[in-house]
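This briefing introduces the structure shown below to a reader who has not met it before. Please keep the sequence and the model in view while reading.

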2 protein chains.
Amino acid sequence: MAAQQAAADIDFATEFYGALPLHQSQTRPRLPRAQISSFSARDGETVLFRARVQTSRAQGNKMVFLNLRQRSDSVQALVTVTPEKVSKQMVKWTAGLADESIVLVQGVVRKSPEPIKSASVQDVEVHVSQVHLVSGIDGRLPFTLEDASRADTDEVIYDADGKPQQFNRVLLDTRLNNRVVDLRTPTNQAVFKLQSAIGDLFRQFLNSSGFIEIHSPKLQGAATESGASVFKVSYFKGNAFLAQSPQLAKQMAIAADFERVYEIGPVFRAEDSNTHRHLTEFMGLDLEMTIEEHYHEVMELLDSLFLSIFRGLREKYSNEIAIVGKQFPADEFKWREGPEGTLKLTFRQAIDILVEDGVPRETLDDINTENEKRLGRLVKAKYDTDYFIIDKFPMELRPFYTMPDPEDPTLSNSYDFFMRGEEILSGAQRIHDPALLAEKMRSKGVDPESMKGYLDAFRMGCSPHGGGGIGLERVLMLFLKLNNIRRASMFPRDPKRLDP
Amino acid sequence: MAAQQAAADIDFATEFYGALPLHQSQTRPRLPRAQISSFSARDGETVLFRARVQTSRAQGNKMVFLNLRQRSDSVQALVTVTPEKVSKQMVKWTAGLADESIVLVQGVVRKSPEPIKSASVQDVEVHVSQVHLVSGIDGRLPFTLEDASRADTDEVIYDADGKPQQFNRVLLDTRLNNRVVDLRTPTNQAVFKLQSAIGDLFRQFLNSSGFIEIHSPKLQGAATESGASVFKVSYFKGNAFLAQSPQLAKQMAIAADFERVYEIGPVFRAEDSNTHRHLTEFMGLDLEMTIEEHYHEVMELLDSLFLSIFRGLREKYSNEIAIVGKQFPADEFKWREGPEGTLKLTFRQAIDILVEDGVPRETLDDINTENEKRLGRLVKAKYDTDYFIIDKFPMELRPFYTMPDPEDPTLSNSYDFFMRGEEILSGAQRIHDPALLAEKMRSKGVDPESMKGYLDAFRMGCSPHGGGGIGLERVLMLFLKLNNIRRASMFPRDPKRLDP
């Protein structure tokens, strides 16, 4: 690459790094590397750091302004011709650096005369003495990071003449086709830090509540649960199927006396639906626990778990939430705290709210996506919360393993949790009695013989239990209002997308 | 079930639980439930707890001894005919309880006159006033928990007449076919608590070292890495393949500037090998990080990670390790602490050790499984450690994306980690230069066009980086010396096993 060749001409501290351009671990001088996020507190210090060149802009032939980026942080750097230190050649070479090149920079941190609006660190800049190319660009960027960082709206905005304005908007498909570049935006850096945080908060809460983490196989011998919508795998001379949830395995872990278990793992759904909220592979945060007296023990633990996640995000990640909010403006996510607690409606109460708003009762055997969103808006208006629970779903809407209500067999001991009017958790007490389970299987058209291993687990004695499954990407999408679940998945998979 | 019917006859506190036999969450008196593990400190207290009946043994018709179990804990309980409190009928019913039934028991904790060897809590017993059946057994247990808890040796032991002794040994296949019952042994309860602990220690260390957790798709558009040994999936009208590692995705996360990432997820290997250490699906603990100066930064972080896991297990889980040790006797796992640190050999030094021991040098282009174990024994004898690192593997033994050594291109910047003479981690600096990567692909017979998305990630600029992948089940198996990896997987998958 021409740029890498040019690097060899630069007056750089090669005594430290030898033949640096190849970066094959030639030497190890152990020079400390700095983080841009620390620069505000380091006025006057010399720093050495690796960063992306977001932009380079020459001013005459004696000065270059660089915008240098690490993850969500950026700083302005100046390279100025200085006798004995910075040559004209070096300034020229620096001005020619391709956007998104990676450089190793040495310089002194100095207070900036005025706030630098183009950088996240606004009160200081770096006066550069050395620049070295770590990795160049081979080809053309699919889009600039500036364009990719603009607010991504689905609305077309027209100018005074009625012409659609050019914002250099980067379409979602273009982003996903070039995901490695797209993921470099400060927004995406923050989104995936928050995704990691949600998983961590989930685990912390459950570890401190007596749960252990389990790992169940994704390769299954039979197409379980519904028989439909599973991916078939060629398995040596036969076939296997990809698990559409860890439901059966985590229930077997309960029958095996682990008492409280959770799993974080991929879930596969072979549904050919290309909506804003469906993926063919997503991360399930699943848990299952024994019940001592009442399934509300499970529902309440799940509620405490969500509150712990929401609080953790607000307390420890407000910076990341603010970064995302610049590109995806959203009302702050609201939930109820204090003695009144989380809003819990029964399915019947939820239906009544919709009917009161004008939805014909006869269309409400189930709550479809549209009505779910409508209910979310009505609840928000009435109770000022983006988070609530619906309890006691009709039995006919739930899978065969759901425990019926003891007093009204048309209802079930089951619940869904909602964020901003979309379901993010589904759960229930499960049937632990093998005779009742077999009966419910037959009533839903499942042959008990086809799930013998699962049924046998309950024949060997099993405690009453319940649980739930959370979609990680949905929680992330809805908390941040990203509007499309693909934005909450690093490398999303849908019926049309298997790459990158 | 007859036993459940009988339960209704028992003089039990039905005022609290109503129609308890169905356990459909009828009432919620919020009575505190006790853990057997706390009983030693509760002499004289009345306790209410749910437990398995491991055994029930009548003594005459007025007394029954129960061995009651929760996870790895057990306690002896006595049911004795007592006027106005415990009837003859109740004693008879209790004596008839099937092994592995689940019961709700109320009683008073009393100091035991002598240590109870058959229970894990030996200094107290429970004098029972009420027993209620929570879940019965429907059918015959495949084996007793006592038999399943015996030391599981592969040796056949002969008596004085040369006849193989009957130990009621439960064979591994029988265990795995009835895994839900097998998992209830105190040993397995401890094994999977330790599995959860390893994952947790892995995460804790990396979270505090600036890593974030990522989730990469297991469904891939192309058969990556080697082209062979991947499972094919029917994906709508086309095909997909199951990822044989998150290698490509985690490297793309580095090219996307996440700097330090890890993933805990399933890894799929379509190799038809039925050894003690291969599974077709296992849990990969993977990490990838940028390098500032030298790939030993990565190797040293991985070393610190392992030391942190070993120390965490020894400090916080000695009880679980001891429980497993009763069924799987093993020398305590040893590693080097202090200033000398972990033993690091180069590949050449490792070969020399084997040659010195009599292995012909010409057979040592690679170190096969047998020689790996031999090396482990030699290292243990010489350095008193079960854990060591081999660095600088020959380039020809490593995948195309491995960075060559800067001074000797026949070597590479790569390493393996070993526990008790078996490889548990493989890692390296990776090639971040797209031209060199394409060249190495071609030299290993991989068409660069077939991995365009991956190559493109490096064309858009990528920092030097390295990482490694750890097999969770192998670490667990070798730390505890379980001798077969299937014992370290809750529901193992191999070429012949897809159930349960």
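The notes below treat the two copies, the barrel, a pair of helices and a pair of aromatic rings.

This is a predicted model, in which local features need pLDDT of at least 70 and side-chain atom pairs count only at pLDDT 80 or more, while totals for chains, interfaces and linings use all residues. Residues are numbered from 1 along each chain as its sequence is written, chains are lettered from A and ligands numbered from 1 in the order in which they are written, and side-chain values use heavy atoms, with hydrogens and water left out.

**The two copies**

- A turn of 180° with a shift of 0.0 Å along the axis lays chain A on chain B with an RMSD of 0.0 Å (superposed by least squares on the C-alpha atoms of residues with pLDDT of at least 70 in both).
- The two copies are thus related as by a two-fold rotation axis.
- A:V233 comes closest to the rotation axis of the residues of chain A, with its C-alpha at 2.2 Å.
- The copies meet through the same surface, because 100% of the interface residues of chain A are also interface residues in chain B.

**The barrel of chain B**

- In chain B, five strands close into a barrel in the order β1-β2-β3-β5-β4, with mixed pairing (strands are DSSP runs of E, at least two residues, and helices are runs of H or I, at least four, numbered from the N terminus).
- Neighbouring strands of this sheet are turned by 55° against each other on average, direction ignored.
- Strands β4 (residues 102-111) and β5 (residues 124-135) of chain B run antiparallel and are joined by 10 bridges (two strands pair if DSSP finds at least two bridges between them).
- B:V109 stands opposite B:V126 in β5(B).
- Helix α3 (residues 88-95) of chain B lies across β1, β2, β3 and β5 of chain B, at about 75° to β5(B).

**Helices α11 and α12 of chain B**

- The axes of α11 (residues 347-356) and α12 (residues 369-383) of chain B come within 10 Å and cross at roughly 85° (axes are lines fitted to C-alpha atoms, for helices over the stretch in contact, and angles run from 0 to 180 degrees between N-to-C directions).
- α11(B) and α12(B) are therefore roughly perpendicular to each other (65 to 115 degrees).
- B:A350, B:I353 and B:L354 of α11(B) make the contact with B:N371, B:R374, B:L375 and B:L378 of α12(B) (contact means heavy atoms within 4.5 Å).

**Aromatic rings**

- The count comes to 44 aromatic pairs over all chains (rings of Phe, Tyr and Trp, the last by its six-membered ring, with centres within 6.5 Å).
- The rings of B:F310 and B:Y387 have centres 5.0 Å apart and planes at 85°, so the pair is edge-to-face (planes over 60 degrees apart).
- This pair links distant parts of the chain, 77 residues apart, with B:F310 in helix α9 (residues 296-316) and B:Y387 in strand β13 (residues 387-391) of chain B.

Note on methods
Angles under 35 degrees count as roughly parallel, over 145 as roughly antiparallel, 65 to 115 as roughly perpendicular and the rest as oblique. Rings of Phe, Tyr and Trp (its six-membered ring) pair if their centres lie within 6.5 Å; planes under 30 degrees apart count as stacked, over 60 as edge-to-face and the rest as tilted.
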